[in-house]
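The following exercises ask the reader to work through one protein model step by step. Please consult the sequence and the structure while attempting each task.

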Amino acid sequence: MGEHRLPAMLHAPHPMPITHDDLRELTKVLLDDYLLNIRIDQIGVERPLLKRCLAKRKLFFGARQHIVENVRKDYGSHFMWAYGETPVEFNKRNMTEQVQFPWRRAVDGLYLAYDRLFGAGIDVRKGARGEYRLAQNERMQLLNLLDEQMESLKLGFLDRLDTELHRDGTASLDAITGLDALVSTNPSTSMVGGINQEKMPWWRNAAYIAIKTGHAGNLTLQMEQAWRRCIRNGGVPDFILAGSAFLDTYSSRNTSRAKCTGCTA
């Protein structure tokens, strides 16, 4: 009896049939790549907070548990006037506190099933010395498939990271402290970075809530007060983050004011 050789695909351990969803997505990717080779992102949005953070990022060389930053709480000045032989007094100073935030690792990943590759015309075979060899058409199919997968992996990771940066860090035990916790709506009773804002007034952010926007000028007045508080400590702000609801309300409340100033532009 002659020798019979089975195709390599039959030797795959416990092959799983390709699912309907995988086959449908695979067909879309292949058609898009061959006919257009360009994917138009219909869900991408701007991420100003993430973009700002990435622009000023620093290298992290590792830490046991926390990222620690020193902040100045006082000058400890013992200023005094003196003349002639007036005794001069000196003092010891304790000017700094430490802010601590636990560091975390964010991950995302993907996998491609064997049958999904085979459905795209890619037959994964192990060659000599453990090398994997692909035919020319298989290489093109694999590159098309991986291109979309890796681009979506990156965009999806950045989108979720941006969302987490806006949150308060309670969505997961391993989540970092986000903007919603760093900028408290009740700064007199919050704990931020290990510092109790109730006992440390210098660590409180400005918060204006329940503003009666129905009265003309109220929102503008609160904004001007907040601006003065910001420039009083820390210098002039160089980044303002606002939501759509705030922008719509702020612009509508300033419409009549802008008209009354005699603006001709």
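The exercises below concern salt bridges, a pocket and a loop residue in this predicted model.

**Exercise 1.** Determine how many salt bridges the structure holds, and examine the one between Glu46 and Lys51.

*Solution.* Step 1: the count of salt bridges in the structure is eight. Step 2: in one of them, the side chains of Glu46 and Lys51 meet with an N to O distance of 3.3 Å. Step 3: this value is within the 4 Å required of a salt bridge. Step 4: both Glu46 and Lys51 are exposed.

**Exercise 2.** Establish which parts of the chain are tied together by Lys73 and Glu97.

*Solution.* Step 1: the side chains of Lys73 and Glu97 form a salt bridge of 3.0 Å, N to O. Step 2: Lys73 belongs to the loop between strand E1 (66–72) and strand E2 (96–102), whereas Glu97 lies in strand E2, so the pair ties together parts 24 residues apart in sequence. Step 3: the relative accessibility of Lys73 is 26%, and that of Glu97 is 25%. Step 4: partly exposed covers the range between under 20% and over 50%, so Lys73 counts as partly exposed, and so does Glu97.

**Exercise 3.** Locate the two partners of the salt bridge between Arg104 and Asp174, and classify each as buried, partly exposed or exposed.

*Solution.* Step 1: the closest N and O atoms of Arg104 and Asp174 are 3.7 Å apart. Step 2: Arg104 is found in the loop between E2 and helix H3 (114–119), and Asp174 in the loop between helix H4 (136–166) and helix H5 (179–182); the pair thus links distant parts of the chain, 70 residues apart. Step 3: Arg104, at 37% relative accessibility, is partly exposed. Step 4: Asp174 has a relative accessible area of 52% and is therefore exposed.

**Exercise 4.** Describe the second largest pocket by its volume and its lining.

*Solution.* Step 1: the space in this pocket amounts to about 400 Å³. Step 2: its lining consists of 14 residues, and those nearest the centre are Asp41, Ile43, Glu148, Ser152 and Leu155. Step 3: by class, the lining comprises six charged, four polar and four nonpolar residues.

**Exercise 5.** Characterise the surroundings of Thr170.

*Solution.* Step 1: Thr170 is placed in the loop between H4 and H5. Step 2: with a relative accessible area of 61%, Thr170 is exposed. Step 3: its side chain makes a polar contact of 2.7 Å with that of Asp168. Step 4: the C-alpha atoms of Thr170 and Ala181 are separated by 9.3 Å, the two residues being eleven apart along the chain.

Methods. Residues are numbered from 1 along each chain as its sequence is written. This is a predicted model: local features need pLDDT of at least 70, side-chain atom pairs count only at pLDDT 80 or more; totals for chains, interfaces and linings use all residues. Side-chain values use heavy atoms; hydrogens and water are left out. Buried means under 20% relative accessible area, exposed over 50%, partly exposed in between (1.4 Å probe, protein chains only). Helices (H or I, at least four residues) and strands (E, at least two) are DSSP runs, numbered from the N terminus. On a 1 Å grid over the protein atoms alone, a cavity is a set of points where a 1.4 Å probe fits but cannot get out, and a pocket is an open set with protein on both sides within 12 Å along at least five of seven lines; lining residues have an atom within 4 Å of a point. Grid points are joined across faces, edges and corners, and a volume is the space filled by probe spheres set on the points. Ala, Val, Leu, Ile, Met, Phe, Trp, Tyr, Cys and Pro count as nonpolar, Asp, Glu, Lys and Arg as charged, and the others, Gly among them, as polar. A polar contact is a pair of N or O atoms within 3.5 Å; within protein, one must be able to donate a hydrogen and the other to accept it, and residues adjacent in sequence count only if both atoms are side-chain atoms.
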